[in-house]
Amino acid sequence: MARPGITFEIVAHAADTLVGRGEKPTISAVRDEIGTGSPNTIHRHLTAWKATQAPAERQTAKLPDELAGALAQEIERQASAARADAEADALDARQTADSLAETGEQLEAEAEELREQIELVTAERDEAERDRHEARQLVAEFREHVKLLEQQRDDARMELAEARNRITTLTEQRDEEHSARLTAERDAKAAESARIDADRAHAVAMAKLEAAQQQADERAQALNNEQQARKADAEGHKQTLAEQRAEWRERLNAAEEQAREARQTAQEATQGRLKAESKAELLAARFDAHSANESDQNGPVGGAKKR
């Protein structure tokens with residue numbers, strides 16, 4: 001913003017004040033009195049002020065009239081010549097000073113304009129610096145935000161990968177559970193079949209055991225009635241049958257226990273079934289062997305009766 005100019009009235013008032021204090025109104029004195037102003041502007045206004053001032057009256061010495069007249073004429077002639085030269089020099093100096101003052105004012109105006117431009121450029125530079133600082137802060141914040149987004153993206157990718165892994169694991173577990181369920185169902189069916197076979201084998205074994213017991217009772221009674229002489233042998237044979245009966249019962253109980261375990265344990269159904277069938281076959285074989293032994297033992301008894 002341009003500063004207010006120094007007017008003629010301000011310079012004239014300062015010059016009058018200086019003269020009133022008995023001081024010479026020079027450019028520096030006027031500027032000090034005003035407190036501001038361009039020396040060129042003060043020179044221009046001070047020159048105009050001096051042109052308005054009346055010349056001071058001078059006290060001259062008393063001389064004889066003739067000498068005073070001759071001296072006055074000579075002085076007037078010399079003064080006229082000097083005044084003409086001085087006026088010419090003063091006019092040249094005034095013109096030069098005015099030209100310099102005008103040039104100075106132009107330079108000061110240009111300098112003021114340059115100062116204003118510098119202030120404007122400085123303000124724009126400061127604003128640009130603030131904008132650049134804010135831009136840097138925004139860029140830094142944007143970079144931090146980008147880093148955060150990248151971290152969130154990486155975390156999301158990791159979570160997605162973990163979710164996919166969990167899905168894969170759950171799918172595998174589901175398939176394994178489905179396969180295990182199918183296997184369990186097959187094993188359960190096999191166990192049920194084994195239980196049925198074991199029940200059947202148990203029923204057959206019980207029937208054979210009852211038949212064997214009935215036959216043993218009948219044969220023991222027959223032996224007791226027919227041969228009192230062989231009572232000790234018959235008693236021993238009866239004891240043997242009782243022991244065998246107890247053994248058969250224990251084995252049948254063991255077979256029943258194994259059949260129950262086969263029903264309870266689906267995973268071991270096949271092995272239990274095989275064991276039950278094997279034991280049932282073994283029981284049947286032993287029963288058949290026992291029956292054959294009893295037949296062999298009863299053979300001589302029958303022969304004795306014939307004798």
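**Entry 1: helix α3**

I began with helix α3, residues 39-51, and checked its length: at 1.5 Å a residue, its 13 residues should span 18 Å, and the end C-alpha atoms are indeed 18 Å apart, so the two values agree. I note here that the model is a predicted one.

I then looked up which residues of α3 are buried, and found Thr41, Ile42, His45, Leu46 and Trp49. These residues cover an arc of only 125° around the axis, which puts them on the same side of α3.

**Entry 2: helix α1**

I repeated the length check on α1. Its 13 residues should span 18 Å at 1.5 Å a residue, and I found its end C-alpha atoms 18 Å apart, which agrees.

Which residues of α1 are buried? I listed Val11, Ala12, Ala14, Ala15 and Leu18. Viewed down the axis of α1, the buried residues lie within an arc of 165°, so they line one face of the helix. On the other side of α1, I recorded Glu9, His13 and Gly20 as exposed. I also looked up what the buried residues of α1 pack against, and the partners are α2 and α3.

Just after α1, I noted that glycine 22 takes a positive phi of about 80°.

**Entry 3: the packing of α1 with α2**

I next turned to a pair of helices. Two packed helices are described by the angle between their axes and by the distance between those axes. For helix α1 (residues 8-20) and helix α2 (residues 27-34), I recorded an angle of about 105° and axes 9 Å apart. Angles of 65 to 115 degrees count as roughly perpendicular, and α1 and α2 are therefore roughly perpendicular to each other.

Which residues make this contact? From α1 I listed Ile10, Val11, Ala14, Ala15, Thr17 and Leu18, and from α2 Ala29, Val30, Glu33 and Ile34. Sorted by class, the contact of α1 with α2 has eight nonpolar residues, one polar residue and one charged residue.

I compared this list with Entry 2: Val11, Ala14, Ala15 and Leu18 of α1 belong to the contact, and these four residues are buried.

**Entry 4: alanine 242**

Finally, I looked up a single residue. Alanine 242 lies in helix α5, which covers residues 231-264. Is alanine 242 buried, partly exposed or exposed? Its relative accessible area is 31%. Buried means under 20% and exposed means over 50%, so alanine 242 is partly exposed.

I also looked up its distance from alanine 216. The two alanines are 26 residues apart in sequence, and their C-alpha atoms are 9.1 Å apart in space.

How values were computed. Residues are numbered from 1 along each chain as its sequence is written. This is a predicted model: local features need pLDDT of at least 70, side-chain atom pairs count only at pLDDT 80 or more; totals for chains, interfaces and linings use all residues. Side-chain values use heavy atoms; hydrogens and water are left out. The expected span of a helix is 1.5 Å times one less than its number of residues. Buried means under 20% relative accessible area, exposed over 50%, partly exposed in between (1.4 Å probe, protein chains only). The arc is that of the directions from the helix axis to the C-beta atoms. Axes are lines fitted to C-alpha atoms, for helices over the stretch in contact, and angles run from 0 to 180 degrees between N-to-C directions. Angles under 35 degrees count as roughly parallel, over 145 as roughly antiparallel, 65 to 115 as roughly perpendicular and the rest as oblique. Contact means heavy atoms within 4.5 Å. Ala, Val, Leu, Ile, Met, Phe, Trp, Tyr, Cys and Pro count as nonpolar, Asp, Glu, Lys and Arg as charged, and the others, Gly among them, as polar.
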